[in-house]
Amino acid sequence: MSARARVTRTSSKRRLRRLAVAAATACAAVLAVQGHAGPAAAEDDYPVGDLSTAVSNFFLSPDTVPGANIWTCKPSAAHPYPVVIVHGTTSNFGSSGAMLGPALANAGYCVYGFNYGANAFTLGHLYGLGDVAQSARTMSAFVERVLASTGASKVDVIGGSQGGMMPNYYIKRLGGAARVRTMIGLSPTNHGTTMQGLVNLGRTLHVLGLVNDFYELVDSPAYVQQEDGSDFQQALFADGDTVPGVRYLTLATTHDTTVTPMANSFLYGGDTANITVQDLCPDDPAGHTGMSFDGPVKQIILNALGPNTPGFTPACTGYGPNL
């Protein structure tokens, strides 16, 4: 064999080895990407909002928050239940879900939210004004869509203010007990509010009827239905606060000036737990609205939806605003 032939043959072998190494490297890279695709999708860091984000979302993004309403999302074995966030009166999903939506998505949950209770004054932003029973029917249709999309058997629900009370109508009166695993209320108006005594004063002075007539005139019956002692409240809970098969967690704050007395938020009977945030974090200033942006509240929610460790104590950091 000539020297030139030997050089050519050696060069060919080297090229073949390089091609083999390149091919093996490419295959390894593909396998690595394929093997990592599932967890990577679950660990995407969606920006977690705060109160300023909520204000911006109220006007600019009333229907969406990062990480939520992704209709291709499939629950994992670790997080088999989709989470539905329900906003309160005069709010919207974009605003109320600004922190919890992305935080739950980052934790690996399929997260959803919707707007309800529109009237002529909503104008694409101001929701939660209409009849509570009708709002519950809106929720029922939305939950069915979530279950059909995800293939899940039940959902977990997190609702603030009216969003923590209205789902009880869905659960108790519209068959929602078979669709809801966990009902978490954040300062919910479960048993109504005296609005720091104004409701009782109105009754005493015989002017509450005039106020309620105004709310009916502007097609906002949700205000009347959330009054302490209202006909709606009495009918909703006449047969007890809870139903079998659903676990309930209610979080309240001593700084709540919307739901008064604070204990009106709590539910009793069945599988229930009532927590006053300041019993765990005495310095937490979060008010009624601030509960949806509070670090300890977020930690308690993640524990309740996940490991559900008995006696869980959150780290007292990242407090919500006193609003």
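Leaving aside neighbours within four places in sequence, Ser95 is in contact with Ala54, Asn57, Phe58 and Phe293 in this predicted model. The residue sits in helix H3, a short run covering residues 93–96. Is Ser95 buried or exposed? With a relative accessible area of 12%, Ser95 counts as buried, because the cut-off for that label is under 20%. One of its contact partners, Ala54, also takes part in a polar contact: the Ser95 side chain reaches the backbone oxygen of Ala54 at 3.2 Å.

Moving on to the sheet, six strands line up in the order E2-E1-E3-E4-E5-E6, and the pairing is parallel. The sheet is open, with strand E2 (111–114) and strand E6 (271–276) at its edges, each pairing on one side only. On average, neighbouring strands are turned by 15° against each other, direction ignored. Take strand E1 (residues 83–86) and strand E3 (residues 155–160) as an example: four bridges join them in the parallel sense. Val84 has Val157 in E3 as its bridge partner. Helix H6 packs on this sheet, where it touches E1, E2, E3, strand E4 (180–186) and strand E5 (247–252). The direction of H6 makes about 150° with that of E4.

H6 also has a helical neighbour. In general, two packed helices are described by the angle between their axes and the distance between the axes. Here, the axes of helix H5 (residues 132–150) and helix H6 (residues 162–173) come within 8 Å and cross at roughly 80°. That crossing makes H5 roughly perpendicular to H6, because angles of 65 to 115 degrees fall in that class. On the H5 side, the contact is made by Val132, Ala133, Ser135, Ala136, Met139, Ser140 and Val143. H6 answers with Gln162, Met165, Met166, Pro167, Tyr169 and Tyr170. What does the contact of H5 with H6 have by class? There are 10 nonpolar residues and three polar ones, with no charged residues.

Then there is helix H12 (residues 295–305), which is mostly covered, with eight of its 11 residues buried. The buried set runs Gly295, Pro296, Val297, Ile300, Ile301, Asn303, Ala304 and Leu305. Which residue caps the N-terminal end of H12? Asp294 does the job, placing a side-chain oxygen 3.2 Å from the backbone nitrogen of Val297. Val297 is thus both the partner in that cap and one of the buried residues of H12.

How values were computed:
Residues numbered from 1 in each chain as written. Predicted model: local features only at pLDDT ≥ 70, side-chain atom pairs only at ≥ 80, totals over all residues. Heavy atoms only, no water. Axes fitted to C-alpha atoms, helices over the stretch in contact; angles between N-to-C directions. Helix = DSSP H or I, 4+ residues; strand = E, 2+ residues; numbered from the N terminus. Parallel < 35°, antiparallel > 145°, perpendicular 65-115°, else oblique. Contact = heavy atoms within 4.5 Å. Nonpolar A, V, L, I, M, F, W, Y, C, P; charged D, E, K, R; others polar. Pairing = 2+ DSSP bridges. Buried < 20%, exposed > 50% of the residue type's maximum accessible area, 1.4 Å probe, protein only. Polar contact = N/O pair within 3.5 Å; in protein donor to acceptor, adjacent residues only side chain to side chain.
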